[in-house]
Structures are given as structure tokens and as C-alpha cells.
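The following note collects points on the model for a colleague's consideration. The points are numbered so that each may be checked against the coordinates.

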Amino acid sequence: VSSSFCENSHRGSGHDRILDISVPLSSDLPTWHRPPGSLMPISVLATAGVHSSASSTSFMHFHSHTGTHVDAFKHFVPDNSQFCVSSSSSALSHRSCRDGDDLLALPLHILNGPVHIVNVPDDVKSISAKWLDRAFPSREMTPRRILFRTRHSRDRSMYNPVFQEDFIALDITGAKWVVERGVRLVGVDYLSALTLEDGVSGHQVLLGHGVVLVEGLDLLLEGEDLSDGGSASLICLPLAVTGGDGTP
């Protein structure tokens with residue numbers, strides 16, 4: 001299911017516009033740390049059996065983390081994991097996850113609601129706690145949901161099948177900052193919310209504390225040049241797959 005958000009397109013006019021910020025599923029999307037063609041992100045197969053001139057059906061086959069997707073907590077926090085912090089032992093301001101939570105456990109009230117879009121300059125190689133402190137100096141004004149818009153949106157990186165190892169994302173210090181500030185949802189415009197170097201440890205920190213991750217967004221909005229951030233309303237409804245670790 002597509003992610004979208006609603007923003008005010010004309011200051012003071014009261015007229016909102018709804019924008020789809022998901023990447024259409026196709027076989028041309030990048031895949032995690034693999035060369036093009038080694039693993040097709042999606043394939044559509046015609047249904048075997050009786051064909052009708054009145055309708056058509058097909059099978060769809062794709063990886064659980066294809067294109068624009070949401071991570072379930074169990075993606076890096078399996079059953080009985082040491083990384084899933086119990087609510088009783090956590091000093092954090094938001095509820096932590098439960099061991100082995102699948103897609104059905106993702107909180108809809110976190111996936112949907114007000115969101116802040118912040119632009120990350122091209123010279124930023126990773127989103128660190130130090131950079132975040134400058135972007136959000138006030139602890140009290142830290143948004144609950146943040147979408148990080150980087151050069152990947154302008155460069156159309158999610159439409160390039162060649163995997164980019166130098167992608168921009170949170171490092172481990174940024175992940176800990178997110179948890180400490182009580183941010184509940186993080187969205188990014190490439191395949192991972194964490195850098196390649198801090199991918200495992202960073203995911204364990206975020207998912208282990210119940211932070212929802214939306215990855216592979218397309219944040220190049222019509223009529224914008226990435227010069228400004230802003231606020232909007234996020235609508236994100238991932239497929240409800242029992243036992244799933246991720247889904248478009």
C-alpha cells in the first residue's frame with residue numbers, strides 16, 4: 001500500500017494536496033547490496049489455468065523489503081532478543097516493542113499523523129547525533145515523526161537499479177539520538193534508515209525501542225527544489241502480512 005502525505009500547497013489558502021511519496025513497484029528498483037539483475041525486486045506472472053476475456057489475474061513475487069517499505073520490529077529484533085527493551089526497564093518516553101513483533105503489531109497511530117520533513121545537505125555523509133542537535137536544538141520541539149530528505153530524492157536513486165553503498169542515512173549516534181528524543185517514526189529516501197556500517201546495530205537500537213522505520217521514499221515533490229522542509233500529514237498503510245518482517 002502506498003505511503004502518502006497531505007500538505008498545504010498555498011500558504012493561507014486552506015487548500016491541501018495529497019502526494020504519493022512511494023516508489024512504484026517494478027523490476028528496475030535497486031535491491032539491497034546486490035548487482036542489477038541478480039535479484040529481481042518484483043516479477044508478475046500470468047495466472048495458470050483458464051483464461052477469461054473478461055478479466056485478468058496474476059501472481060506477484062517480490063522481496064519483503066522492496067521499494068518503499070516498512071520494517072516490522074522482528075526484522076532485527078527476533079523472539080527473545082536482548083535488543084528488545086521491556087517497558088518496565090526502559091527510561092525512555094515511549095513504549096518499547098515486544099519480542100518478535102510482526103507487521104500486524106505496527107501501531108497505526110504512529111504510522112499516520114503529523115510529520116516533519118527535514119532536508120539533509122549534500123555534504124552530510126551520515127546523519128549523526130551532532131547534526132541532529134543542530135537541526136533540532138529544542139528537545140521539547142522534536143517532532144514525533146521525521147522524514148529525512150537527501151540528495152537521493154533529487155538524484156532519483158530509488159529508480160536506479162545500481163545499489164549505492166555510500167547512501168545517506170542515520171549512523172549509530174543518530175539512531176540513539178532518535179530514541180533518546182522520543183521520535184516514534186523515521187522515514188528515509190533510500191533503502192535503509194541506517195548506514196551500511198551501522199546497519200545491524202542501528203536497526204537493533206531503533207526497532208528494539210519500537211521506532212517505526214519507513215524506507216525507500218520518494219520525497220522529490222512536484223514544484224519543489226529541496227531547499228525547504230516543512231510539515232505535513234503522513235498516511236502510511238503497509239500490507240498486513242501475518243508473520244511478516246517487512247512489506248511495501
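1. Threonine 66 is located in the loop between β4 (58-62) and β5 (69-71). In this predicted model, threonine 66 has a relative accessibility of 4% and is therefore classed as buried. A polar atom of the threonine 66 side chain lies 2.8 Å from the backbone oxygen of histidine 63.

2. A second buried polar side chain deserves attention. Glutamate 215 belongs to strand β9 (residues 212-215). Its relative accessible area is 2%, so glutamate 215 counts as buried, the cut-off being under 20%. Which side chain does the side chain of glutamate 215 meet in a polar contact? The partner is histidine 69, at 2.8 Å. In addition, a polar atom of the glutamate 215 side chain is found 2.9 Å from the backbone nitrogen of alanine 193. The side chain of glutamate 215 thus has one neighbour in a side chain, that of histidine 69, and another in the backbone, at alanine 193.

3. Strand β6 (residues 113-119) is best examined together with its neighbours. Five of its seven residues are buried, and β6 is therefore largely enclosed by the rest of the structure. With strand β10 (residues 230-236), β6 forms an antiparallel pairing over five bridges. Within that pairing, valine 115 has alanine 232 of β10 as its bridge partner.

4. With strand β7 (residues 145-149), β6 runs parallel, and four bridges join the two. Two positions illustrate the register: histidine 116 stands opposite isoleucine 146 of β7, and valine 118 stands opposite phenylalanine 148 of β7. What handedness does the unit made by β6, helix α2 (residues 129-135) and β7 have? These three elements make a β-α-β unit that is right-handed.

5. Strand β7 is itself mostly covered, since five of its five residues are buried. Arg145, Leu147 and Arg149 point one way from the strand, whereas Ile146 and Phe148 point the other way. The buried residues of β7 thus include two arginines, Arg145 and Arg149, and a reviewer may wish to inspect their surroundings.

6. Strand β7 also pairs with strand β8 (residues 185-188): the two run parallel and are joined by four bridges. Here phenylalanine 148 stands opposite valine 188 of β8. Phenylalanine 148 therefore has a place in both pairings of β7 described here, opposite valine 118 of β6 and opposite valine 188 of β8.7. The salt bridges of the model number five. Three residues, Arg151, Asp155 and Asp166, are linked in a network of such bridges. Arginine 151 meets aspartate 155, with the closest N and O atoms 3.9 Å apart, and arginine 151 also meets aspartate 166 at 3.7 Å, N to O. The pair of aspartate 166 and arginine 151 joins distant parts of the chain, 15 residues apart: arginine 151 is in helix α3, and aspartate 166 is in the loop between α3 (151-154) and α4 (172-181).

8. Is arginine 151 buried or exposed? Arginine 151 has a relative accessibility of 16% and so counts as buried. Aspartate 155 is partly exposed, at 42% relative accessible area. Aspartate 166 counts as exposed because its relative accessibility is 55%, the cut-off being over 50%.

9. Another salt bridge is formed by the side chains of aspartate 218 and arginine 156, at 2.8 Å from N to O. This pair, too, links distant parts of the chain: aspartate 218 is in the loop between β9 and β10, arginine 156 is in the loop between α3 and α4, and 62 residues separate them. Aspartate 218 is buried, at 10% relative accessible area, while arginine 156 is partly exposed, at 30%.

10. A final point concerns the surface. Leu108, Ile235 and Leu237 form a nonpolar patch there, and their accessible area together is about 260 Å². Isoleucine 235 has its place in strand β10, the strand that pairs with β6 in the antiparallel sense. With a relative accessibility of 36%, isoleucine 235 counts as partly exposed.

Notes. Residues numbered from 1 in each chain as written. Predicted model: local features only at pLDDT ≥ 70, side-chain atom pairs only at ≥ 80, totals over all residues. Heavy atoms only, no water. Buried < 20%, exposed > 50% of the residue type's maximum accessible area, 1.4 Å probe, protein only. Pairing = 2+ DSSP bridges. Right-handed = clockwise from strand over helix to strand, strands pointing away. Patch = residues over 30% accessible without salt bridge, like charges linked within 9 Å, V, L, I, M, F, W, Y side chains within 5 Å. Areas by Shrake-Rupley, 256 points an atom, 1.4 Å probe, with all protein chains shown as cover. Salt bridge = Lys/Arg side-chain N within 4 Å of Asp/Glu carboxyl O. Polar contact = N/O pair within 3.5 Å; in protein donor to acceptor, adjacent residues only side chain to side chain.
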